[in-house]
Amino acid sequence: MSRPVIFDLFHTLIHGADEERDRVVGEMAVMVGVVPAELVAAYHATWRDRLVRWDVEETIRILAGRLGSTPTNEQVTRAGEHRRALGRRVLDSVSTATLDVLDALRGEGHPLALISNASSDTAEPWPQSPLAGRFDIAIFSCDVGLAKPDPAIYHLAAERLGVRPAECVFVGDGADGELAGAAAVGMTVFRTTEHNDTDPGWGGPAFATLGDLPAILREPSKVMEPAE
Ligand SMILES: [Mg+2]
């Protein structure tokens with residue numbers, strides 16, 4: 001059987017929109033009456049809470065409150081919608097080349113999964129994105145309260161795919177220690193540098209173009225079932 005392939009999202013399938021993210025948070029700050037640079041800093045400082053606990057509106061309320069503002073429901077809703085619009089734009093920016101790679105892998109029988117450390121502004125618009133229909137399962141940290149590199153999130157993906165972790169291939173840029181996390185549960189790991197050279201110290205195989213992946217997975221040494 002073709003091995004299941006589990007992808008990271010940001011800097012693996014799509015760009016990370018890091019600068020645009022800060023700009024949008026700065027604009028949200030104006031909407032809720034706080035200093036833009038302070039809200040941007042507060043977003044960066046609370047990434048962990050945003051990944052596994054707070055939804056879009058909670059984040060705005062909590063952080064604005066910490067910065068001395070009590071925004072109205074209407075202000076919070078408006079700022080939240082601004083943030084969600086960014087999430088939709090980033091998901092919709094996926095390249096045709098990447099979609100073609102996913103289609104090629106599916107055509108060769110690889111089940112596809114996503115494990116993303118992402119906040120709810122990404123998870124909510126996912127089902128409407130051009131990526132969603134190509135994946136058998138998608139796991140977002142904000143939905144399951146777990147984030148990479150926690151072994152539990154990789155085990156959850158394998159369980160939902162109906163396979164053992166060791167049967168899976170994991171592909172990511174390497175943020176948050178995700179490559180080591182995947183290797184620790186026995187997955188075969190590939191690092192991609194197509195969008196960002198995030199984890200240059202990773203000693204395992206890497207490729208610069210996602211388009212190389214289908215051929216790599218056809219190599220007998222790579223597709224061989226790992227030992228029990
Ligand atoms: Mg990434």
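A search of the whole structure, a predicted model, finds 1 cavity of 30 Å³ or more. The largest cavity has a volume of about 50 Å³. Its lining is made up of Y43, R50, W54, D55, V56, T59, R83, S119, S120 and D121. Two elements, α4 and α7 (120–123), each give two or more residues to that lining. By class, the lining of the largest cavity holds 3 nonpolar, 3 polar and 4 charged residues.

**The open space**

The largest pocket contains about 620 Å³ of space. It is lined by 26 residues, and those closest to its centre are F10, D18, R21, L51 and N117. At least two lining residues come from each of α1 (18–32), α2 and α3 (47–52). The top contributor is α1, with 4 residues. The lining of the largest pocket divides into 7 nonpolar, 9 polar and 10 charged residues.

**Helix packing around α4**

Helix α4 (residues 56–66) meets helix α2 (residues 36–45), and their axes come within 10 Å. The two cross at roughly 120 degrees. That angle makes α2 oblique to α4. The crossing is right-handed. On the α2 side, the contact uses L39, A42 and Y43. On the α4 side, T59, I60 and L63 take part. This contact counts 5 nonpolar residues, 1 polar residue and no charged residues.

Helix α4 also packs on helix α5 (residues 73–92), at an angle of about 125 degrees. Here the axes are 9 Å apart. The pair α4 and α5 is therefore oblique. This crossing, too, is right-handed. From α4, the contact takes V56, E57, I60 and R61. From α5, it takes N73, V76, A79, G80, R83 and R84. By class, the contact of α4 with α5 has 4 nonpolar, 2 polar and 4 charged residues.

Some residues recur. I60 is part of the contact with α2 and also part of the contact with α5. Y43 and T59 belong to the α2–α4 contact, and both line the largest cavity. V56 and R83 belong to the α4–α5 contact, and they also line the largest cavity.

The residue classes of the two linings and the two contacts are set out below.

| Region | Nonpolar | Polar | Charged |
|---|---|---|---|
| Lining of the largest cavity | 3 residues | 3 residues | 4 residues |
| Lining of the largest pocket | 7 residues | 9 residues | 10 residues |
| Contact of α2 with α4 | 5 residues | 1 residue | no residues |
| Contact of α4 with α5 | 4 residues | 2 residues | 4 residues |

**Backbone exceptions**

Most residues other than glycine have a negative phi, and most peptide bonds are trans. Two places in this model depart from that. H11 is not a glycine, yet has a positive phi of about 65 degrees. H11 sits in the loop between β1 (5–7) and α1. The peptide bond from K148 to P149 is cis, and its omega is near 10 degrees. P149 is in the loop between α8 (141–144) and α9 (151–161).

Methods
Residues numbered from 1 in each chain as written. Predicted model: local features only at pLDDT ≥ 70, side-chain atom pairs only at ≥ 80, totals over all residues. Heavy atoms only, no water. Axes fitted to C-alpha atoms, helices over the stretch in contact; angles between N-to-C directions. Parallel < 35°, antiparallel > 145°, perpendicular 65-115°, else oblique. Left-handed = near helix turned anticlockwise from the far one by under 90°. Contact = heavy atoms within 4.5 Å. Nonpolar A, V, L, I, M, F, W, Y, C, P; charged D, E, K, R; others polar. 1 Å grid on protein atoms, 1.4 Å probe; cavity = no way out; pocket = protein on both sides within 12 Å on 5 of 7 lines; lining within 4 Å. Points joined across faces, edges and corners; volume = space filled by probe spheres on them.
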